[in-house]
Amino acid sequence: MAFWRSFRQPARYAALVAGAIPVLAFPAANQEWLGWVGLVPGLALMRGAATRHEAWVRGWWFGAGYLLAAMYWLAPNIGPALLLVAIAFGFLWSAVGLSVWSFLRPPVSARGALAALVVVPSCWLVTEWIRSWQYLGGPWAVLGASQWQHPAILALAAVGGVWLVSFALVAANTGVLIALVGKAPLVRLVGLAGALVAVGAGPVAFALTAPAPVTQSLTVALVQPGLSNGPNAGLKRNEQLTARDAGRADLYVWGESSVGFDLADRPGYLSDIERLSARVGAEVLVDQDAQNAAGVHSKQAVLISPAGVRGRYVKSRLVPFGEYIPFRSVLGWLTKISRAAPTNVQPGTGAHVLRATLPDGRPLTFGVLICFESAFPDMSRVDADHGAQVIIYQTSDATFQSSWAPAQHAALSAIRAAETGRPVVQAALTGDSAAFDSRGRLLAWAGTSVRGTLLVRLELPSAAAQTPFDRLGDYVPWTAVGIAALAALAGLSRATIARRRRRDAVTGQSAEILTDHR
């Protein structure tokens, strides 16, 4: 009965709805300002809970609402599993609810406000980092990615990755809440100051840093043919668009699944692309989505020159339910009621760079990743550490054409560019294709309605260039884990002391009663 009563509490439904508000900061709504204040209603509901238990439950419902709104477009593919995902991973936000309630429940002190400005963002960041583990689905809709159109804010990503941007956003929301609910002038001042510091951190970092010196330029052609009637027609359409812009690019990039055959088993198709490379005067980076002769299905980026295959990269991090079903023996039934993967795709062994030769003979080291891998900061950082001068993503968002997913996907390239200090491009089979410079500034964009080739000129840094995030890695989330752990230990210690005092008080009262009786 207690379980069912939990569904009759309006505040929890309000928390569920409040979780959807910050999602409007992402594409395609692009109300980025909500990244700075959109959490406040949800945080206020957590703060207003009557008990600690109710606070973490409201945090849980808030997280479920956030994930449902952020990934609604997955419903046709995974069906009811989307609700299960939202409920399971929404639980992570219960830590946010606990931290808000612990430090900001009435009356709010200046000391509690200062602690909240650090602990609440840390707890939020821990939730993002946990769900970014590839076996738990990956880091889609990390709050910091909502600021993709603002290079001055993305300067924080160069310092500490998207994690530092998320931290600043949650700190700003926390500061706004403190300024609104604080009674004492000092408390309100602490909240306002915290919000201003969070908002100003990015522009200060942008002003104090500069992009790496440019060593060479590169013109890339991103081919976006749209859907075709079968793999043969799709291959021909890619070839036609590439040939149409012959001689205008140093490298031609096709989208994910642009080749529906195993080129090792179809030498005739490989020969066609080799001749195409010779005709356009540049190498072609295609994407093979097929089973080999042994029946193993994989997705591979294949670099082809007139002389043959120059290198390959096999997609390593697969889309849960879209490219494999976790625990297929248990969850395989989802294929009967949704468009979940009928068979599991074989993953590769991890990120690595490829090396091309440009038309003028210059060498180019680049990283290539496929589709969902653009959501993972560590993969592009590995490529940058291995000397990539540009990061290339190949994707196909054909399944989600009428949703917000293609725009959200392309926007991730801005974050990866700012983090690594390298230009980043995305070639999408059906859109959105995009290109960003080394600070995350938009250079070109082709939406889902565009068919053709997107030509963009990139300024490349040296292979040795590194941002602080390249050098230091995930120090921000690790620091957040430490802060959250210390806060949890302090809370447990206070609870233990409080219980001991209550027990001692009861014991003392009992002893007094006994003495009076005697």
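How are helix 5 and helix 8 oriented to each other? In this predicted model, helix 5 (residues 52-70) and helix 8 (residues 94-104) pack at an angle of about 135 degrees. Angles over 145 degrees count as roughly antiparallel, and 65 to 115 as roughly perpendicular. Helix 5 and helix 8 are therefore oblique to each other. Their axes lie 6 Å apart, and the crossing is right-handed. On the helix 5 side, the contact involves R52, A55, W56, G59 and W60. These residues meet S94, G97, L98 and W101 of helix 8.

A second helix pair was examined in the same way. Helix 9 (residues 110-131) packs on helix 10 at about 140 degrees, with 8 Å between the axes. This angle makes helix 9 oblique to helix 10. The crossing of helix 9 and helix 10 is right-handed. Helix 9 contributes A113, A116, L117, V118, V120, P121, S122, W124, L125, E128 and W129 to the contact. From helix 10 come W163, S166, F167, V170, A171, T174, G175 and I178.

Helix 10 also holds N173. The relative accessible area of N173 is 0%, so this residue is buried. N173 touches G35, W36, V37, G38, L39, V40 and L43, leaving out residues up to four places away in sequence. One of these contacts, G38, is 135 residues from N173 along the chain. The C-alpha atoms of N173 and G38 are nevertheless separated by 7.4 Å.

The nonpolar interior was considered next. In soluble globular proteins, nonpolar side chains tend to be buried together. The largest nonpolar core here has 126 residues. Y66, V96, W124, L285 and F366 touch the most other members. Helix 10 (residues 151-181) supplies the largest share of this core, with 17 residues. A second, separate core has 20 residues, among them L235, V259, L276 and V286.

The contacts of L285 were listed without residues up to four places away in sequence. They comprise Y252, V253, W254, A301, V302, L303, L354, F366, V368, I392 and Q394. V368 and I392 are also bridge partners, with I392 in strand 8. V302 stands opposite R312 of strand 5.

Strand 4 (residues 297-305) and strand 5 (residues 308-314) are antiparallel and share six bridges. Together, strand 4 and strand 5 form a hairpin, with two residues between them. K315 lies in the loop between strand 5 and helix 14 (328-331). With a relative accessible area of 0%, K315 is buried. Its contacts, apart from neighbours within four places in sequence, are E256, K299, E323, Q346, P347, G348, I370, C371, F372 and E373.

An open sheet of six strands forms a further element of the model. The strand order is 6-7-8-9-10-11, and the pairing is mixed. Strand 6 (353-357) and strand 11 (442-446) stand at the edges. Each has a single partner strand, so one side of each is left without a neighbour in the sheet. From one strand to the next, the twist averages 20 degrees. Strand 7 (residues 363-370) and strand 8 (residues 390-395) run parallel and are joined by five bridges.

Two helices pack on this sheet. Helix 16 (residues 377-385) touches strand 6, strand 7 and strand 8. The direction of helix 16 makes about 165 degrees with that of strand 7. Helix 17 (residues 405-420) touches strand 8, strand 9 (424-428), strand 10 (433-436) and strand 11. Between the directions of helix 17 and strand 9, the angle is about 160 degrees.

T467 was examined last. This residue is found in the loop between strand 12 (452-461) and helix 18 (468-472). Is T467 buried or exposed? Its relative accessible area is 9%, and T467 is therefore buried. Beyond neighbours within four places in sequence, T467 is in contact with A158, A418, E419, T420 and G421. T467 and E419 are 48 residues apart along the chain, with their C-alpha atoms separated by 7.0 Å.

Definitions and conventions:
Residues numbered from 1 in each chain as written. Predicted model: local features only at pLDDT ≥ 70, side-chain atom pairs only at ≥ 80, totals over all residues. Heavy atoms only, no water. Pairing = 2+ DSSP bridges. Helix = DSSP H or I, 4+ residues; strand = E, 2+ residues; numbered from the N terminus. Axes fitted to C-alpha atoms, helices over the stretch in contact; angles between N-to-C directions. Contact = heavy atoms within 4.5 Å. Core = buried A, V, L, I, M, F, W, Y, C linked by side-chain atoms within 4.5 Å. Buried < 20%, exposed > 50% of the residue type's maximum accessible area, 1.4 Å probe, protein only. Parallel < 35°, antiparallel > 145°, perpendicular 65-115°, else oblique. Left-handed = near helix turned anticlockwise from the far one by under 90°.
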